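Let's take a walk through this structure together, one stop at a time. Have the sequence and the 3D view open as you read.

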Amino acid sequence: QVKLVESGGGSVQAGGSLRLSCVGSGYTSCRYEMAWYRQVPGKEREVVAVLDGSGRPSYIASVKGRFTISEENGYTLNLQMNNLKPEDTAMYYCRRACTYGGSAYWGQGTQVTVSS
């Protein structure tokens, strides 16, 4: 079974950095679409960064220039977060879609807390 496990979250002061990682297993190839989402209690989960199978990244406007999404060897998805702001505080989840129209897989999340 496909499994995704996030790590790297924690508590930092505004202006600090964190690097999140999502290690996948249970598949040979799952790179149709890879993404990081975040969710605050009481709000909808929102996409933060997306990486398509051709390596093209896209970001939500509020994190452009501060976050970088990348992948290593088809199994590890990373999110480098720099100049963190309190508004970045959320539970961060990774998501992978292996094929068009197929199932999407989610990790359990890793908490990021940014204090002012």
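**Starting from Arg38**

Let's begin in a busy spot of this predicted model. If you skip its neighbours within four places in sequence, Arg38 is in contact with Glu44, Arg45, Glu46, Val48, Ser62, Val63, Phe67, Glu87, Asp88, Ala90, Met91 and Tyr92. You'll find Arg38 in strand β4, which covers residues 33-39.

Is Arg38 buried or exposed? It's buried, with a relative accessible area of 5%; the cut-off for that word is under 20%. Two of the residues in that contact list also share polar contacts with Arg38 through their side chains: Glu46 at 2.9 Å and Tyr92 at 3.0 Å. Glu46 turns up again when you look at charges, since Arg38, Glu46, Arg66 and Asp88 are linked in a network of salt bridges.

Now stay in strand β4 but go to Glu33, which forms a salt bridge with Arg95. The closest N and O atoms of Glu33 and Arg95 are 3.2 Å apart. Why is this pair worth a look? Glu33 sits in β4 and Arg95 in strand β9 (residues 90-97), so the salt bridge ties together parts that are 62 residues apart in sequence. The two ends sit in different settings: Glu33 is partly exposed at 28% relative accessibility, while Arg95 is buried at 16%.

Next, take a look at Arg96. Its side chain meets that of Glu71 in a salt bridge, at 2.6 Å from N to O. Arg96 belongs to strand β9 and Glu71 to strand β7, so here the parts being tied together are 25 residues apart in sequence. Both Arg96 and Glu71 are buried.

Move to Glu72 and you meet another salt bridge, this time with the side chain of Arg19 (3.2 Å, N to O). Arg19 is in strand β3 (residues 18-25) and Glu72 in strand β7 (residues 67-72), so this pair ties together parts that are 53 residues apart in sequence. Arg19 is partly exposed, with a relative accessible area of 41%, and Glu72 is partly exposed too, at 36%. How many salt bridges does the model have in total? The count comes to 8.

Strands β3 and β7 lead us to the sheet they belong to. It's an open sheet of 4 strands in the order β1-β3-β8-β7, with antiparallel pairing. β1 and β7 stand at the edges with a single partner strand each, so one side of each has no neighbour in the sheet. On average, neighbouring strands here are turned by 15° against each other, direction ignored.

You can trace the sheet strand by strand. Strand β1 (residues 3-7) pairs with β3 over 5 bridges, in the antiparallel sense, and Lys3 has Ser25 in β3 as its bridge partner. On we go: β3 pairs with strand β8 (residues 76-81) over 6 bridges, again antiparallel, and there Ser21 stands opposite Asn78 in β8. The last step takes you from β8 to β7, an antiparallel pairing over 6 bridges, where Thr68 stands opposite Gln80 in β8. As you follow the strands, keep in mind that side chains in a regular strand alternate between the two faces of the sheet.

Conventions. Residues are numbered from 1 along each chain as its sequence is written. This is a predicted model: local features need pLDDT of at least 70, side-chain atom pairs count only at pLDDT 80 or more; totals for chains, interfaces and linings use all residues. Side-chain values use heavy atoms; hydrogens and water are left out. A salt bridge is a side-chain nitrogen of Lys or Arg within 4 Å of a carboxyl oxygen of Asp or Glu. Helices (H or I, at least four residues) and strands (E, at least two) are DSSP runs, numbered from the N terminus. Buried means under 20% relative accessible area, exposed over 50%, partly exposed in between (1.4 Å probe, protein chains only). A polar contact is a pair of N or O atoms within 3.5 Å; within protein, one must be able to donate a hydrogen and the other to accept it, and residues adjacent in sequence count only if both atoms are side-chain atoms. Contact means heavy atoms within 4.5 Å. Two strands pair if DSSP finds at least two bridges between them. Axes are lines fitted to C-alpha atoms, for helices over the stretch in contact, and angles run from 0 to 180 degrees between N-to-C directions.
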